[in-house]
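Visitor: I would like to go through this model slowly, asking at each step why a word is used. Could you set the value beside the definition each time?

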Amino acid sequence: EVPDLTNPYFAELVSGMQEAARENGYLLLLLDSDEDEEQERKGLESAINVVDGIVLAGTRLSDATLNHLTKRIPVVVANRRVAGLDSVTPDYEHGMGQAMAHLAEVGARTVTYVAGPVNSWSDGERWRAARAAARAHGLPIQRHGPFAPTTFGGEDAFEELTDTLPDAVICYNDLVAVGFLISALRAGVRVPADLSVMGHDDIPLSRFIGGGLTTLVTP
């Protein structure tokens, strides 16, 4: 299950899952919840009787619901930690540490974290790691959002911040960063001379935007 297959990050993740499934003699069935918690719940209920296990990549369900689910079928959660469940998560502290070191090196004095969905576990972890890393490098940081995890969300974020732009923004994901970056360029803001924009995920599109979007890689 993924929250949005139109996001290239999840398309790459599904491709990797499919390769691993084939190697182990499994067929991968895909559920796209479209960032809708109720749709995700209904999809899982329909699938639970016809699959051998479930991988949740970016689930928006509560911890209690996930713990109940794992009593019925083997579950692995990606991009989130839940007590008692097997999970795979990026090292946000390491990534955000690198991000803040880079921003401090290029002379940023103020940073804004452009937040993703309010019910996203990874958004909370990215913000926590960003705040700690900023503090370690002596950089003031604020959080702005939530915004949809799409290019449209990035456009909305730029519109809200356009009159009080910081020196740098770190966006929830690359799609938000792309929307923010393109909006800044359209408004005549020089990137990165006047504004540093950083994303998260390293989707293939990121290298073709502007001079190439600076982004955090999740291998």
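Visitor: Why is what joins the side chain of Thr112 to the side chain of Gln142 called a polar contact?

Guide: A polar contact is a pair of N or O atoms within 3.5 Å, where, within protein, one must be able to donate a hydrogen and the other to accept it, and residues adjacent in sequence count only if both atoms are side-chain atoms. The side chains of Thr112 and Gln142 come to 3.3 Å, so the pair falls within the limit of 3.5 Å. Please keep in mind that this is a predicted model, in which local features need pLDDT of at least 70 and side-chain atom pairs count only at pLDDT 80 or more, while totals for chains, interfaces and linings use all residues. Residues are numbered from 1 along each chain as its sequence is written, and side-chain values use heavy atoms, with hydrogens and water left out.

Visitor: How do you know whether Thr112 is buried or exposed?

Guide: Buried means under 20% relative accessible area, exposed means over 50%, and partly exposed lies in between, computed with a 1.4 Å probe on protein chains only. Thr112 has 0% relative accessibility and therefore counts as buried. Thr112 lies in strand S4, and, leaving aside residues up to four places away in sequence, the residues it touches include Gln142, His144, Leu161 and Ile170, where a contact means heavy atoms within 4.5 Å.

Visitor: What makes S4 and S5 a pair of strands, and how many bridges join them?

Guide: Strands are DSSP runs of E with at least two residues, helices are runs of H or I with at least four, and both are numbered from the N terminus. Two strands pair if DSSP finds at least two bridges between them. Strand S4 (residues 111–114) is joined to S5 by four bridges, so the requirement of at least two is met. The two strands run parallel, and Val114 has His144 in S5 as its bridge partner.

Visitor: Why are S5 and S8 said to stand at the edges?

Guide: These strands belong to an open sheet of five strands, in the order S5-S4-S6-S7-S8 and with parallel pairing. Strand S5 (141–144) and strand S8 (214–217) each have a single partner strand, so one side of each is left without a neighbour in the sheet.

Visitor: Which other sheet is there, and which of its strands pair on one side only?

Guide: An open sheet of three strands has the order S1-S2-S3, again with parallel pairing, and its edge strands are S1 and strand S3 (86–88), each of which pairs on one side only. Strand S2 (residues 75–78) and S3 share three bridges, so they too satisfy the minimum of at least two. One of these bridges is described by its residues: Ala78 has Val88 in S3 as its partner.

Visitor: How do you know that the span of H5 agrees with what is expected of a helix?

Guide: The expected span is 1.5 Å times one less than the number of residues. Helix H5 (residues 121–136) has 16 residues and should therefore span 22 Å, and its end C-alpha atoms are 23 Å apart, which agrees. Helix H1 (residues 8–23) also has 16 residues and reaches 23 Å, close to the expected 22 Å.

Visitor: Why can the buried residues of H1 be placed on one side of it, and which residues are they?

Guide: The buried residues of H1 are Tyr9, Phe10, Val14, Met17 and Ala21. They cover an arc of only 125° around the axis, which puts them on the same side of H1; the arc is that of the directions from the helix axis to the C-beta atoms. The face turned away from this buried side carries the exposed residues Glu19, Arg22 and Glu23, while strand S1 (54–57) and strand S7 (196–201) are among what covers the buried residues.

Visitor: What makes Ser120 buried, and why is Ala101 called partly exposed?

Guide: Ser120 has a relative accessible area of 6%, which is under 20%, so it is buried. Ala101 has 30%, which falls between 20% and 50%, and therefore it is partly exposed. Ser120 lies in the loop between S4 and H5, where its side chain reaches the backbone nitrogen of Asp123 at 3.1 Å, whereas Ala101 is found in helix H4.
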